[in-house]
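Colleague: Could you walk me through reading a sheet and the helices around it? I'd like to take it feature by feature.

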Amino acid sequence: MKNIYTLEEIIKDLIEIKHKGWIKSLFPRNKNGGAGNTLENLLGIDENNISAPDLGDIELKTINIDKSNSQLLSLFNFDNKVWKMKQLDAIEKYGSKNKNGRMGLYYTLNTKPNSAGLFINADEINQKIIIQHVSGEILIEYPVENLVNKFNTKVQSVFLVYFKKEKRDGEIYFLYEKAKYLNGGTTTQNIISNIKNHIITIDLRLHPKLKKNGTSFSSRNHGTTFRVKNSNLKELYKKMENIDLQRNQSPDFSKNSLIEIEEKPNIINPKKNKSKGR
């Protein structure tokens with residue numbers, strides 16, 4: 001398996017994969033029928049879940065074309081030294097029961113309070129992202145600088161590969177159609193404004209561990225996850241390139257070949273105000 005790729009090598013291999021047409025899934029029981037794992041295998045990349053880019057300094061992500069506008073992408077998990085109250089206390093105080101009656105803290109949060117009164121406070125003055133209750137009690141607190149560092153370590157550059165999916169005679173097949181390359185990392189202002197605009201959301205995913213008698217003794221946390229809709233991902237990056245996989249050779253990736261995304265003004269609500277009565 002190959003661990004280090006240049007951008008040109010990725011493009012070259014993806015063009016070859018595109019020209020192979022429909023490819024049978026190598027991991028049909030995995031998420032999305034194994035689209036990402038199958039592509040990693042074709043590229044010769046070791047599967048990994050560590051906090052480091054998948055392709056040298058480029059993160060590889062696969063997108064189902066039929067769900068490309070609504071699909072949520074996970075950027076990274078972040079729980080290290082940020083909880084301000086005990087996780088088990090948070091579950092018992094603000095959690096809810098699922099259909100099986102198990103208590104848990106499973107919410108997708110934005111800046112609007114949810115049914116449990118939890119929301120994200122994007123504190124621009126103190127440069128902090130805070131998950132808190134409407135009462136003022138704080139569950140989690142992130143210095144924005146730490147989030148930028150995490151983003152620029154894990155997903156500073158992202159290669160999105162879009163696929164179609166078909167099922168034939170009980171088998172799953174993929175056609176890897178097109179790709180986009182996003183890079184340049186992000187900034188503190190970008191993180192804050194995109195959280196305020198509900199472009200970045202945060203998922204809480206934890207429940208209690210139970211003793212045999214049914215009492216809670218600790219928490220099981222599957223990772224507090226920062227997520228974004230695929231259609232909004234480009235808002236987080238400085239540069240974007242649409243990759244043509246129909247061509248027979250790799251494009252020239254000189255600095256001028258990347259499309260610069262204009263720096264956006266600091267607008268909390270991008271919707272235009274419409275005057276009434278005219």
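Modeller: Let's go from the strands outward, keeping in mind that this is a predicted model.

Colleague: What is the strand order in the open sheet of 3 strands?

Modeller: Strand order is read across the sheet, not along the chain. Here the order is β6-β7-β8, with antiparallel pairing. The edges are β6 (118-123) and β8 (138-143), each pairing on one side only. On average, neighbouring strands are turned by 15° against each other, direction ignored.

Colleague: How many bridges join β6 to β7, and which residues stand opposite each other?

Modeller: Go pair by pair. There are 6 bridges between β6 and β7 (residues 128-133); F119 faces Q132 in β7, and D123 has K128 as its bridge partner. On the other side, β7 and β8 pair over 5 bridges, with I130 opposite E141 in β8.

Colleague: And the hairpins: which residues take a positive phi?

Modeller: Check the residues between the strands. The β6-β7 hairpin has 4 of them, and Q127 takes a positive phi near 55°. The β7-β8 hairpin also has 4 residues between its strands, with G136 near 105°.

Colleague: Why is β7 described as largely enclosed?

Modeller: Count the buried residues, meaning those under 20% relative accessible area. In β7 that is 5 of the 6, so the rest of the structure largely encloses this strand. As for helices, α4 (residues 144-154) packs on the sheet, touching β7 and β8, at about 65° to β8. Helix α5 (residues 188-196) lies across β6 and β7, running at about 145° to β6.

Terms used:
Residues numbered from 1 in each chain as written. Predicted model: local features only at pLDDT ≥ 70, side-chain atom pairs only at ≥ 80, totals over all residues. Heavy atoms only, no water. Pairing = 2+ DSSP bridges. Helix = DSSP H or I, 4+ residues; strand = E, 2+ residues; numbered from the N terminus. Axes fitted to C-alpha atoms, helices over the stretch in contact; angles between N-to-C directions. Contact = heavy atoms within 4.5 Å. Buried < 20%, exposed > 50% of the residue type's maximum accessible area, 1.4 Å probe, protein only.
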